[in-house]
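The following paragraphs are a walk through one protein model for a reader who has not met it before. Please keep the sequence and the three-dimensional view at hand while reading.

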Amino acid sequence: MRLVTRISVNTLCALALAGLAACGTDSPKETGPFAGQSGPEVVNKAFEKTNGVKSLRIGIDMTTPDGRIKADFASSLGGDCTGTMSMGGEGRMEIVKTGDTVYTKFDEALLREQAEGEPKEDVDAAVELLAGRWTESKASDPDTKDSIEFCDLKGLLKEFEAGDNAAEKKGPTKVAGTPALRLTEKEGKETYTVDVAAEGAPYILRVTSRGGEEPMTMNLSDFDMPVVAEKPAAKDIVDLEQ
């Protein structure tokens with residue numbers, strides 16, 4: 001039974017960030033760390049700063065034709081990664097990646113959703129064997145690559161490249177209690193919003209898109225924080241080869 005996540009982090013981030021590329025105006029009475037800077041200047045500096053991190057945490061909430069996808073991953077350039085993902089509003093998977101080894105755990109709801117249409121006895125057997133237990137695989141395995149795309153921090157950071165010339169300042173806001181500057185722009189029916197930290201380093205804290213076919217919110221946090229990825233206990237790992 002092949003388990004597929006149906007999501008590409010590069011496509012996801014490209015959709016969210018591509019809209020930040022067209023003209024903006026700023027208030028002459030503005031104060032704060034971004035006073036005197038244009039919207040594109042703020043966004044480009046934030047992109048450059050975010051692009052330079054060695055680790056971060058990314059949270060995604062996105063609606064797709066296949067249903068709602070939610071993910072929360074902490075990932076590092078060193079290859080360590082931990083996270084969770086749910087799809088279609090049902091079921092959840094957990095992932096731990098240490099170096100080139102990936103440990104994945106599925107709950108019963110996700111196993112049954114992914115195996116829809118298969119013989120009941122086969123599904124029941126898979127659930128009994130796998131639900132709530134870890135499986136081990138190599139990061140290079142074809143069936144594993146789909147589930148660890150949020151662990152590819154290098155690929156993710158490639159999407160945060162300076163080049164915006166359109167962002168418009170909208171004023172102060174807060175993201176998880178952190179003061180931020182909100183910038184927006186519109187492209188067709190979609191409105192893109194980016195919140196940049198106004199305290200400390202000007203990291204991208206949140207990107208949202210609304211009005212399109214796949215509305216989403218992407219939260220970024222824990223910049224350069226250590227990612228602790230530990231191998232599960234041997235008794236909790238299923239030996240699929242046996």
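Which residues does Thr64 touch, not counting residues up to four places away in sequence? The model is a predicted one, and in it Thr64 touches Ile69 and Glu214 once those sequence neighbours are set aside. Thr64 is found in strand S1, and, with a relative accessible area of 16%, which is under the 20% limit for a buried residue, Thr64 counts as buried. A polar atom of the Thr64 side chain also lies 2.8 Å from the backbone oxygen of Gly67.

From Thr64 the view can widen to the strand that holds it. Strand S1 covers residues 55-64, and seven of its 10 residues are buried, so the strand is largely enclosed by the rest of the structure. Strand S1 runs antiparallel to S2, to which 10 bridges join it, and these two strands form a hairpin with two residues between them. Within this pairing, Ile60 stands opposite Ala71 in S2. Strand S1 is also joined to S11, again in an antiparallel arrangement, by six bridges, and here Met62 stands opposite Met216 in S11.

Strand S2 leads on to the interior. The largest nonpolar core has 51 residues, and those with the most contacts inside it are Leu56, Ile58, Phe73 and Ile204. As a general matter, nonpolar side chains in soluble globular proteins tend to be buried together. Phe73, at 0% relative accessibility, counts as buried, and, leaving aside residues up to four places away in sequence, its contacts include Leu56, Ile58, Cys81, Met85, Ile95 and Phe150. Apart from this core lies another, of five residues, among them Val96, Trp134, Ala229 and Ile237.

The contact between Phe73 and Phe150 deserves a second look, for a search of the whole structure finds two aromatic pairs. The rings of Phe73 and Phe150 have their centres 5.4 Å apart and their planes at 20°, which is under 30 degrees, so this pair is stacked. It links distant parts of the chain, with Phe73 in strand S2 (residues 67-76) and Phe150 in the loop between helix H5 (142-145) and helix H6 (153-157), 77 residues apart. Phe150 is buried as well, with a relative accessible area of 2%.

Tyr203 and Phe223 form an aromatic pair that is likewise stacked, at 4.0 Å centre to centre and with 10° between the planes. This pair, too, links distant parts of the chain, since Tyr203 sits in the loop between strand S9 (190-197) and strand S10 (204-210), while Phe223 sits in the loop between strand S11 (216-221) and strand S12 (237-238), 20 residues away. Both Tyr203 and Phe223 are buried.

A last stop is Arg133, whose place is in the loop between helix H4 (120-130) and strand S6 (134-138). With a relative accessible area of 31%, Arg133 is partly exposed, because that value falls between the 20% limit for buried and the 50% limit for exposed residues. Arg133 and Ile237 are 104 residues apart in sequence, yet their C-alpha atoms are 6.0 Å apart in space. Arg133 also touches Ile237, and its other contacts, not counting residues up to four places away in sequence, are Thr104, Lys105, Phe106, Lys235, Asp236 and Val238. Ile237 has been met before in this account, as one of the residues of the five-residue core.

How values were computed: Residues are numbered from 1 along each chain as its sequence is written. This is a predicted model: local features need pLDDT of at least 70, side-chain atom pairs count only at pLDDT 80 or more; totals for chains, interfaces and linings use all residues. Side-chain values use heavy atoms; hydrogens and water are left out. Rings of Phe, Tyr and Trp (its six-membered ring) pair if their centres lie within 6.5 Å; planes under 30 degrees apart count as stacked, over 60 as edge-to-face and the rest as tilted. Helices (H or I, at least four residues) and strands (E, at least two) are DSSP runs, numbered from the N terminus. Buried means under 20% relative accessible area, exposed over 50%, partly exposed in between (1.4 Å probe, protein chains only). A nonpolar core is a set of buried Ala, Val, Leu, Ile, Met, Phe, Trp, Tyr and Cys residues joined through side-chain atoms within 4.5 Å. Contact means heavy atoms within 4.5 Å. Two strands pair if DSSP finds at least two bridges between them. A polar contact is a pair of N or O atoms within 3.5 Å; within protein, one must be able to donate a hydrogen and the other to accept it, and residues adjacent in sequence count only if both atoms are side-chain atoms.
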